[in-house]
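User: I'm new to protein structures. Could you teach me how to read some features in one?

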Amino acid sequence: MTPREVAALLAYVVQLDPRLALDDQAAAAERLTQWCDLLSDVPATAHGWDAARVARDYIARNPYRIQPSDVSRPWHTHKADAMSRHVGTFEPTAHPEVDPDDQYGNAYVAALRAERHAIAAGHQAPTTHRALTAGPAAAVVERRLAALGEYMPRTVAQALAEYRPVRAERERLARENAPDPLTVACTWCKAAEDEPCRGRAINPRNQQTRYRPMGKSHPCRVEDATAAQLTRHTTQEAAA
Ligand SMILES: [Zn+2]
């Protein structure tokens with residue numbers, strides 16, 4: 001808080017609790033200096049934070065005269081809480097200057113650091129979504145994601161998802177521990193394991209046949225993959 005903000009806060013608390021009023025100018029100036037010092041690292045307002053509101057709530061609930069620490073302590077708790085809820089990833093879409101392929105580059109590290117600072121200072125709300133599940137399924141999910149190869153941070157992968165739809169779909173299935181059709185070959189279009197299904201298109205002009213990768217797998221392949229996963233699960237349970 002700036003001295004001006006601290007002075008405004010003091011005027012407000014004196015209004016709420018007249019016992020805090022000081023007739024002596026020197027004592028008032030001394031108190032202002034003390035509050036300015038102790039609240040210099042506390043913002044007046046931030047994400048989910050309002051110092052005036054905290055002071056008001058304190059006065060409403062406590063018979064004691066408010067101290068600067070009654071505002072600074074809740075702020076540090078608020079800040080720690082925001083940091084613990086933050087998953088430590090940043091939204092790449094909010095940082096177009098960052099090259100996601102340069103993940104160990106300075107821009108990426110600087111952006112992560114800037115975001116942590118922004119959350120600590122209350123300028124930004126923490127990112128609280130967590131992709132990981134808990135429990136025994138999480139281990140299976142982790143194994144499948146590891147098999148697909150985690151060569152970039154997951155948030156970056158999400159931002160790039162639209163440019164690599166096949167991989168994004170496989171990662172989504174792995175996270176949900178749903179059957180992945182690409183783990184088996186397709187008996188319909190003969191696409192090999194790890195290859196997407198192919199659609200056949202015939203050029204009406206020269207009758208030439210073309211194959212292009214399809215976004216979806218043939219239904220028989222989905223069925224085969226589901227059966228294969230069931231078999232795997234049964235085998236794993238029998239082994240356990
Ligand atoms: Zn197919």
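Analyst: Let's go through a metal site, some backbone angles, a core and a few salt bridges, keeping in mind that this is a predicted model.

User: Okay, metal first. Which residues are the protein donors of the zinc ion?

Analyst: To read a metal site, start with the atoms around the ion. Here, the zinc ion has Cys-186, Cys-189 and Cys-197, each through SG, and His-218 through ND1, lying 2.0 to 2.4 Å from the ion. Along the sequence, these donor residues follow the spacing C-x2-C-x7-C-x20-H. As for surroundings, Cys-186 and Cys-189 are both buried.

User: And what is the geometry of the zinc site, judging by the angles among its four donor atoms?

Analyst: Those angles run from 102 to 117°, and the site is tetrahedral. Four donors count as tetrahedral because all their angles lie between 85 and 135 degrees.

User: Next, backbone angles. Which sign of phi do most residues have?

Analyst: Most residues other than glycine have a negative phi. In this model, Asn-177 has a positive phi, near 55°, and Asp-194 has a positive one too, near 75°. Asn-177 sits in the loop between α8 (165-175) and β3 (198-202), and Asp-194 is also found in the loop between α8 and β3.

User: Is Asn-177 buried or exposed?

Analyst: Asn-177 is buried, because its relative accessible area is 19% and the cut-off for buried is under 20%. Asp-194, at 46%, is partly exposed.

User: How many residues are in the largest nonpolar core?

Analyst: For a core, look at who packs against whom. This one has 21 residues, and among those with the most contacts inside it are Val-13, Trp-35 and Ile-66. The elements α1 (3-16), α2 (25-38), α3 (51-61) and α4 (69-85) each give two or more residues to it. The largest share, five residues, comes from α3. Take Val-13 as a case: leaving aside residues up to four places away in sequence, Val-13 touches Leu-20, Trp-35, Ala-55, Ile-59 and Ile-66.

User: Last one: how many salt bridges are there?

Analyst: Side chains of opposite charge can pair when their charged atoms come close. The count here is six salt bridges. One of them joins Arg-170 and Asp-180, with the closest N and O atoms 2.8 Å apart. This pair links distant parts of the chain, 10 residues apart: Arg-170 is in helix α8, while Asp-180 is in the loop between α8 and β3. Arg-170 is buried at 11% relative accessibility, and Asp-180 is buried at 5%. There's also a network of salt bridges linking Glu-169, Arg-172 and Glu-176.

Definitions and conventions. Residues are numbered from 1 along each chain as its sequence is written. This is a predicted model: local features need pLDDT of at least 70, side-chain atom pairs count only at pLDDT 80 or more; totals for chains, interfaces and linings use all residues. Side-chain values use heavy atoms; hydrogens and water are left out. Donors are N, O and S atoms within 2.8 Å of the metal (3.2 Å for Na, K and Ca); water is not among the atoms, so sites may look incomplete. Four donors count as tetrahedral if all angles lie between 85 and 135 degrees; four count as square planar and six as octahedral if opposite donors are over 155 degrees apart and all others between 65 and 115; anything else is irregular. Buried means under 20% relative accessible area, exposed over 50%, partly exposed in between (1.4 Å probe, protein chains only). Helices (H or I, at least four residues) and strands (E, at least two) are DSSP runs, numbered from the N terminus. A nonpolar core is a set of buried Ala, Val, Leu, Ile, Met, Phe, Trp, Tyr and Cys residues joined through side-chain atoms within 4.5 Å. Contact means heavy atoms within 4.5 Å. A salt bridge is a side-chain nitrogen of Lys or Arg within 4 Å of a carboxyl oxygen of Asp or Glu.
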